[in-house]
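Visitor: Please take one part of this model and go through it closely. I would like to know how that part sits within the rest of the chain.

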Amino acid sequence: MVRKQFGWRPLLVTFGPGLVVMLADTEVGSVITAAQSGAKWGYRLLLLQFLIIPLLYTVQELAARLSLGTGIGYSELIRENFGRGMTAISTTALAVSCFGTVVTQMVGLAGVGQLYGVPVWVSIGFLIVAILLMVGLGAYRTVERMVIVLGLFELGFVIMAWKAHPDVGQLAAGLREMPLGNHDYLYLLAANLGTSVMPWAIFYQHSALIDKGLTIGHLKIARLDILIGAVLCQTVTAAVLIAAAATFGQHQHPVQLESVPQIATAFSATLGPIIGRLVFVVGLGGGALVATITVCLTAAWALGEVAGFHHSLEHDPLQAPWFYGSFALILVAGGGLVASGVNLIRLSIAMGVVNALLLPVALGFLFQLARTKLADRMRLKGVYAATVGTIFFCAAAMGVYAALVGTFG
């Protein structure tokens, strides 16, 4: 029985959604926030990256459990359990999270183009057309394979961290220091939390498993998929922070990063001006493309669930015009806002802080649904429920406290 469940065929069929959402989780906002954390605070926010792994795994595992255990869309579950008012709150939180994330990715991708002298409008226009073709011509499994390949380029950040030759003594000292009384530190702590646990990631995991046609029999492999993704996600984020701390730590005063070219130029000192910039561009660009596609899909899936129109990549654009139209709308709207000249660094970190403020909503709905909407053998209960509830409460409280004190302190 165990051999059957973990044979090559079930593994290949099931693997994907957990890894995709975690690769998307290591998006431009995460990279920028981690780089800023390392530049300003050295290794003092490094321990947080590893503490996030169990939280991230638990959140996405519950999303997978609900998806495979019910076969019902996440928005539909919220409407059934909490009513239309709470569904509106959840959908609004999701929309804010999705749109902010898409804008961040598009600005990041435009910044990559600027490194090579490509005008913003050319970069954004090309990306919008390419992404629409990629999604419009491929079913879910095709899109999934493409985004995994793109996302794996993020491993270049691990090479960058290794080549930065971090001082082991400074790293160890930084792991022991967490200046929670400093509001600038708290602001970045909130941003790191918010760029790791996001409302759209819960929706994506839930909807992707349904769109892929998986059942409760695939849960064990889905859990492994999520675990590998969570470890990979935070390893990449930690690598960015380590590389930034090792690179910018040579300065006497904390460095305030202001643009993508500034970060790329500084990181190129690690691997050389050509290779360093290329690794940075490929890693950032891969993560941004994955996040853009998955976030737009998440928004379209959620709107489809709420409005009741066809919402699957298994339908072509003529069969599901509202689904693909929603996908295109958020993509084009995000690209259009890029022309406003918004500051990438500040926007990216601010969106992470906004997501930290949304943690009580995202984690509260997830916890309650896992307690009430599953069959008894799958339901969140007993000691494990108490443990998860405590972790969720502490994470949400810390996120809100750090965001508010960091912003207004």
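Guide: A nonpolar core is here a set of buried Ala, Val, Leu, Ile, Met, Phe, Trp, Tyr and Cys residues joined through side-chain atoms within 4.5 Å. The model is predicted, and its largest nonpolar core has 132 residues. Tyr74, Phe157 and Trp200 have the most contacts inside this core. Helix α14 (residues 219-248) gives the most to the core, with 17 residues.

The part to look at is the helix that holds Trp200, namely α13, residues 199-211. Helix α13 has 13 residues and reaches 18 Å from its first C-alpha to its last, close to the 18 Å expected at 1.5 Å a residue. Buried means under 20% relative accessible area. Twelve of the 13 residues of α13 are buried, so the helix is largely enclosed by the rest of the structure. The buried residues of α13 include nonpolar ones such as Trp200, Ile202, Phe203 and Leu209. Gln205, His206, Ser207 and Asp211 are also buried in α13. Just after α13, Gly213 takes a positive phi of about 80°.

Trp200 itself shows what surrounds the start of the helix. Leaving aside neighbours within four places in sequence, Trp200 is in contact with Val21, Ala24 and Asp25. Its contacts also include Leu94, Ser97, Cys98 and Thr101, and, further along the chain, Thr294, Val295 and Thr298.

Before α13 in sequence comes α12, residues 183-194, which packs with α5, residues 46-70, at an angle of about 35°. The axes of α5 and α12 are 10 Å apart, and α5 passes α12 in a right-handed crossing. On the α5 side, Leu48, Gln49, Ile52 and Leu55 meet Leu189, Asn192 and Leu193 of α12. By class, this contact has five nonpolar, two polar and no charged residues.

The whole chain gives the setting for α13. The protein chain has 20 helices and zero strands. Buried residues make up 56% of its 409 residues. Among contacts between residues at least 6 apart in sequence, 87% join residues at least 24 apart.

For a contrast with the buried residues of α13, take Tyr116, in the loop between α7 (84-115) and α8 (120-136). At 48% relative accessibility, Tyr116 counts as partly exposed. Leaving aside neighbours within four places in sequence, Tyr116 is in contact with Arg277, Leu278 and Val281.

Definitions and conventions. Residues numbered from 1 in each chain as written. Predicted model: local features only at pLDDT ≥ 70, side-chain atom pairs only at ≥ 80, totals over all residues. Heavy atoms only, no water. Axes fitted to C-alpha atoms, helices over the stretch in contact; angles between N-to-C directions. Helix = DSSP H or I, 4+ residues; strand = E, 2+ residues; numbered from the N terminus. Left-handed = near helix turned anticlockwise from the far one by under 90°. Contact = heavy atoms within 4.5 Å. Buried < 20%, exposed > 50% of the residue type's maximum accessible area, 1.4 Å probe, protein only. Expected span 1.5 Å × (residues − 1).
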